[in-house]
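Hi,

Here is the structure I promised to pass on to you. Have a look at it first, and then read my notes below.

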Amino acid sequence: VAMRTFQCLVLLATAVAGASAAAECAFVGAPALARRAQVATPAAVAMRGPVKSTKAKGAKIKSAASKRFKVTAGGKILRRRANKQHLLTAKKHKNKKAAGKIGQVSDAMRKNYLAILQP
């Protein structure tokens, strides 16, 4: 009877303090009570992983391509030109100036890039 009263006091104290009963009982030294009183705490629920969404998934575009290309309202695809990243001291001013401009994707490749960029 004394042990049962002690267990009830421990449970009451943990409920008032807001802690989980299992953690409190394990601290006091009552492992059997700790096993019985395990409750799903918010931390334990968070460890189970994200909740799966029930929404229908839409088509995705390639994020790498979306960072490198832009589709204009007229349907053109703009891109950056090459040779403007490193070793610039060895390159002539004329070449560096031309490389700094925005280029367009060629007509032959436009169909391929539109397939990647549009969902």
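What follows is a short tour of what turned up.

First, some housekeeping. This is a predicted model, where local features need pLDDT of at least 70 and side-chain atom pairs count only at pLDDT 80 or more, while totals for chains, interfaces and linings use all residues. Residues are numbered from 1 along each chain as its sequence is written, and side-chain values use heavy atoms, with hydrogens and water left out.

Let's start with the overall layout. The protein chain has seven helices and three strands. Both kinds of element are DSSP runs numbered from the N terminus: helices are H or I with at least four residues, strands are E with at least two. Reading from the N terminus, you get α-α-α-α-α-β-β-α-β-α. Of the 119 residues in the chain, 14% are buried. Here buried means under 20% relative accessible area, exposed means over 50%, and partly exposed is in between (1.4 Å probe, protein chains only). The areas themselves come from the Shrake-Rupley method, and for residues only the protein chains shown count as cover.

Now the sheet. The three strands make an open sheet in the order 1-2-3, with antiparallel pairing. Strand 1 (70-71) and strand 3 (102-104) are the edges, as each pairs on one side only. Two strands count as paired if DSSP finds at least two bridges between them; strand 2 (residues 77-80) and strand 3 have three, in the antiparallel sense. One pair to look up is L78 with its bridge partner in strand 3, Q104.

The loops are worth a click too. K76 sits in the loop between strand 1 and strand 2 and is partly exposed, because its relative accessibility is 40%. Its C-alpha atom is 9.2 Å from that of S106, although the two are 30 residues apart along the chain.

Next, go to the loop between strand 2 and helix 6, where you'll find N83, Q85 and L87. N83 has a positive phi of about 70 degrees even though it is not a glycine, and L87, also a residue other than glycine, has a positive phi near 60 degrees. N83 counts as exposed at 55% relative accessibility, and L87 is exposed at 59%. Q85 is exposed as well, with a relative accessible area of 59%. The C-alpha atoms of Q85 and A99 are 9.7 Å apart, with their positions 14 residues apart along the chain.

And the charges? Side chains of opposite charge can pair when their charged atoms come close. Searching the whole structure gives one salt bridge, meaning a side-chain nitrogen of Lys or Arg within 4 Å of a carboxyl oxygen of Asp or Glu. Which residues form the salt bridge? They are R110 and D107, whose closest N and O atoms are 2.9 Å apart. Both lie in helix 7 (residues 107-117), three residues apart, which is about one turn of the helix. D107 is exposed at 62%, whereas R110 is partly exposed at 25%.

Finally, R79, R81, K97 and K101 form a positive surface patch. Patch residues have over 30% relative accessible area and no salt bridge; like charges are joined within 9 Å, and nonpolar side chains (Val, Leu, Ile, Met, Phe, Trp, Tyr) within 5 Å. Lys and Arg count as positive and Asp and Glu as negative, while His and the chain ends are not counted. Each charge is placed at NZ of Lys, CZ of Arg, CG of Asp or CD of Glu. Within this patch, K97 belongs to helix 6 (residues 93-99) and is exposed at 56%.

Cheers

Notes: Accessible areas come from the Shrake-Rupley method with a 1.4 Å probe; for residues, only the protein chains shown count as cover.
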